[in-house]
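Below are some notes on the model, set out as numbered points. They cover sheet pairing, one hairpin, charged side-chain pairs and a loop residue.

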Amino acid sequence: MLVKVFGSAVFGVEATTITVEVNIDKGIGYHLVGLPDNAIKESSYRIAAALKNNEYHFPGKKIIVNMAPADLRKEGSAYDLTLTIGILAASNQIKMDEIDKYIIMGELSLDGSLQPIKGALPIAIKAKEEGFKGFFLPKQNVKEAAIVAGLDVYGVENVLEVIDFFNGKGSLEPTRIDTRAEFYKDLDFPEFDFSDVKGQESIKRCMEIAAAGGHNIILIGPPGAGKTMLAKRLPSILPPMTLREALETTKIHSVAGKLKEVGLMNQRPFRSPHHTISNVALVGGGSYPQPGEISMAHNGVLFLDELPEFKRDVLEVMRQPLEDREVTISRAKFTVTYPSSFMLVASMNPSPSGFFNDPDAPQTSSPHEMQRYLSKISGPLLDRIDIHIEVTPVPFEKLSDDRKAEASVDIRKRVTAAREFQSFRFQEMEHIHYNAQMNTKHIREFCALDEESKQLLKTAMERLNLSARAYDRILKVSRTIADLEASPNVGPSHIAEAIQYRSLDRDGWLG
């Protein structure tokens, strides 16, 4: 008897529906075709044990299972439940009237209980698009899939619940989630707050500008100056995610299997990989490509602490994603693209000892050692960072001051207001939402300068010997400063402030 059941495969952040055809005939043998990997081939042992332990039987006949489309590589153990229901239906152990109206996914344990799967959200979105009535999946993943309205999502703990549902015995209810309530939950309670930071007013100003325009920023200063503390508080002043951004971010974390019984992500991600990270772990990849740290930081912050300690080739592979805001991973048979629109926040010591330019500390690094240390970061990578700022240690008077600094919520209001200006400005453009995403054409259009501003910028370019890309960065940052002041035009004061934030371009910075 021939039965069709449906599962799903995830490539990149999109799902493809897989038709699992099960045919049982006279003879003996279990034949699985359609490019399954080893995890799927081993499923027959898990299925047989799970059925026996739940008083059902694995048919002792010739079973042929085809996973279509047959030219698409299938991987992982998430098809266990799909195959189990197909085999039971083909052997008349469950009714098959409604089976083709559902997507069924889950990994089986030997006792019939279900283990979580990856990519539940993209699968649910695809199921809704293709008109399926519902989706069966492990209970641990039910919150992320239930975000999709108009689809009955059933979270199950044991294969028996699915069998009873199709046999009309169980009382399984679909999970309902109020997406908007989930989205607005706990929005105004950041874990780290700028009110904890004593002094550092100029750095906070830089952080505010970076957050308002989505600009990349690098903090340079000696150990203990507060670089990491400031970076960790940056997400608390970023504007709240839109529903579209939350859905995009949740999809990526769902594909990576990192959601852990969470529904919609409403906080911007903050990723801080260690400097021993590999190329593949940073940008994504592997024989079956998985998203890397830059994609996990999509719509959030990627913090690279001690930037020169990262391997140079690891930093260089980040150059293109920083420009394109997506990363494409190509393999012989397929190509996947992951979004990677993140804010890069980097920190570094100015020298190997960390105390260069500090009058109170002995300079223990020779000029040659310092040059070698700083040369680990290439010019093209530094050019892609809009704001360079020096962080100096906080004096005792400010550390011991009992007054509370400005809270993140207040700074976020100004940032959000500036972002609203930008959203209005770029409303006709599909892929541009804030100033850091502008290309050269948009810069010419939206950052027009008067004669005084042009002269000021020309002098700075000549004296600091800045590249053409640095010129664009200054214009982008000055546009953001103008937005924070609700100014329609970029003026000389905005240009002058933006020029200050190119520390590493200054001649004599090493001397």
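**Notes on the predicted model**

1. Strand 11 and strand 14 (residues 301-304) run parallel to each other and pair over two bridges. Within that pairing, phenylalanine 270 has valine 301 of strand 14 as its bridge partner. The model is a predicted one, and the points below should be read with that in mind.

2. The pairing of strands 11 and 14 belongs to an open sheet of five strands, with parallel pairing and the order 11-14-17-10-18. Its edges are strand 11 (270-271) and strand 18 (387-390), each of which pairs on one side only.

3. Helix 8 lies across three strands, namely strand 10 (217-220), strand 17 (343-348) and strand 18. Relative to strand 18, helix 8 runs at about 165 degrees.

4. Helix 8 also takes part in a salt bridge. The side chains of arginine 205 and glutamate 497 meet at 2.9 Å, N to O. The two residues are 292 positions apart in the chain, with arginine 205 in helix 8 (residues 201-213) and glutamate 497 in helix 22 (residues 492-500), and the pair thus links distant parts of the chain. Arginine 205 counts as partly exposed because its relative accessibility is 24%. Glutamate 497 has 15% relative accessibility and therefore counts as buried, the cut-off for buried being under 20%.

5. A second salt bridge joins the side chains of glutamate 21 and lysine 4, at 3.8 Å from N to O. This pair also links distant parts of the chain: glutamate 21 is in strand 2 (residues 14-25) and lysine 4 in strand 1 (residues 2-11), 17 residues apart. With a relative accessibility of 22%, glutamate 21 is classed as partly exposed. Lysine 4 is partly exposed as well, at 43%.

6. Arginine 414 and glutamate 406 form a further salt bridge through their side chains, with an N to O distance of 2.7 Å. Both partners are partly exposed: arginine 414 has a relative accessibility of 33%, and glutamate 406 has a relative accessible area of 36%.

7. Elsewhere, salt bridges with shared partners connect Glu323, Arg384, Asp386 and Arg473 into one network. How many salt bridges does a search of the whole structure find? The count is 23.

8. Strand 15 (residues 326-330) pairs with strand 16 in the antiparallel sense, over five bridges. The connection between strand 15 and strand 16 is a hairpin of four residues. Glutamate 326 has proline 339, in strand 16, as its bridge partner.

9. Which side chains of strand 16 (residues 335-339) are buried, and which are not? The side chains alternate along the strand: Val336 and Tyr338 point to one face and are buried. Thr335, Thr337 and Pro339 point to the other face and are not buried. Proline 339, the bridge partner of glutamate 326, is thus on the face that is not buried.

10. Asparagine 54 sits in the loop that runs between helix 2 (43-53) and strand 4 (62-68). Despite this loop position, asparagine 54 is buried, with a relative accessible area of 12%. Apart from its neighbours within four places in sequence, asparagine 54 is in contact with Asp111, Gly112, Asn158, Val159 and Leu160.

Notes. Residues numbered from 1 in each chain as written. Predicted model: local features only at pLDDT ≥ 70, side-chain atom pairs only at ≥ 80, totals over all residues. Heavy atoms only, no water. Salt bridge = Lys/Arg side-chain N within 4 Å of Asp/Glu carboxyl O. Buried < 20%, exposed > 50% of the residue type's maximum accessible area, 1.4 Å probe, protein only. Pairing = 2+ DSSP bridges. Contact = heavy atoms within 4.5 Å. Axes fitted to C-alpha atoms, helices over the stretch in contact; angles between N-to-C directions.
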